[in-house]
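I opened this notebook to record a few look-ups, beginning with how two helices are set against each other and going on to strands and aromatic rings.

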Amino acid sequence: MIFTNDNEYAVVLDACVLAPMPLADTLLRLAEEPSLYRIVWTEELLQEIGGTLTKLGRTPAQIERRLKFMRDHFPEAMFKLTPEIVEAIPCLPDAGDRHVVAAAIMGHANAIITLNTKDFPAECLSKYDILCQSPDEFLIHQYHLNPGVVLEKIDAQATGIREPRQGILNRLKTPVPLFTNMVEKGDLS
């Protein structure tokens, strides 16, 4: 199934949030219809995900399957970068992260979702009207906006691996502890 997403709110999901499977699955499901946001990525970002998965011990077949799924299910997410746009972003602490900001600019993304928020300083991103959020902050925001859809998608994720909702929440506790705590408590404040 291919998902077309007309959602105006767009995010770049950094490689570090798309490598751990439970978190990646949750984030990708929230971009499926009915979508809460639109995903933006580039071939460079997908290759970085592949490298991260290699370091995590995934086989080449597992990596290719994951990347193929992402490309096939979210074809509208792909944006092409030029060296000029990547090099035009001088303000990051690590030049290796320029392609992430360039992807956000090319895809008109509102935010970059990353575990490495210190690598994307607000004073740099504000020039482009881009926020940087941890996946915890981002998922909390999505939950506040539409708790019913978020819970439905977590339940579908749990059903997909034959577990109850709590099983998924247990898997998400390490990468997104505040979000999982909020969902467990049913907190909408």
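I began with helices α9 and α10, which I note as roughly perpendicular to each other, because an angle from 65 to 115 degrees counts as such and their axes cross at roughly 95°. The model I am reading is a predicted one. I noted the extents as well: α9 covers residues 147-160 and α10 covers residues 165-172, and the two axes come within 8 Å.

Which residues of α9 meet α10? I listed L151, I154, D155, Q157 and A158 on the α9 side, and found that they meet R165, I168 and L169 of α10. Sorting the residues of this contact by character, I got five nonpolar, one polar and two charged.

Next I turned to strand β1, residues 10-13, and asked which way its side chains point. A10 and V12 point one way, whereas V11 and L13 point the other way, and I found all of them buried.

I then looked up the strands that pair with β1. Strand β2, residues 38-42, runs parallel to β1 and is joined to it by three bridges; within β2, I found V40 as the bridge partner of V12. Strand β4, residues 111-113, also runs parallel to β1, again with three bridges between them, and here V11 stands opposite A111.

My last search was for aromatic pairs, and over the whole structure it returned three. I wrote down two of them, giving for each the distance and the angle, because a pair of aromatic rings is described by the distance of the centres and the angle of the planes.

One of the pairs is formed by Y37 and F138, edge-to-face, with 4.9 Å centre to centre and 70° between the planes. Y37 lies in the loop between α2 and β2 while F138 belongs to helix α8, residues 135-145, so the pair ties together parts that are 101 residues apart in sequence. Buried or exposed, I asked of Y37? I noted Y37 as buried, with a relative accessible area of 0%, and F138 likewise counts as buried at 0% relative accessibility.

The other pair I recorded is that of W41 and F74, also edge-to-face, with 6.0 Å centre to centre and 85° between the planes. This pair links distant parts of the chain, since W41 sits in strand β2 and F74 in the loop between α4 and β3, 33 residues apart. I entered W41 as buried at 1% relative accessibility, and F74 as buried with a relative accessible area of 1%.

Key. Residues numbered from 1 in each chain as written. Predicted model: local features only at pLDDT ≥ 70, side-chain atom pairs only at ≥ 80, totals over all residues. Heavy atoms only, no water. Buried < 20%, exposed > 50% of the residue type's maximum accessible area, 1.4 Å probe, protein only. Helix = DSSP H or I, 4+ residues; strand = E, 2+ residues; numbered from the N terminus. Pairing = 2+ DSSP bridges. Phe/Tyr/Trp six-rings, centres within 6.5 Å; stacked < 30°, edge-to-face > 60°. Axes fitted to C-alpha atoms, helices over the stretch in contact; angles between N-to-C directions. Parallel < 35°, antiparallel > 145°, perpendicular 65-115°, else oblique. Contact = heavy atoms within 4.5 Å. Nonpolar A, V, L, I, M, F, W, Y, C, P; charged D, E, K, R; others polar.
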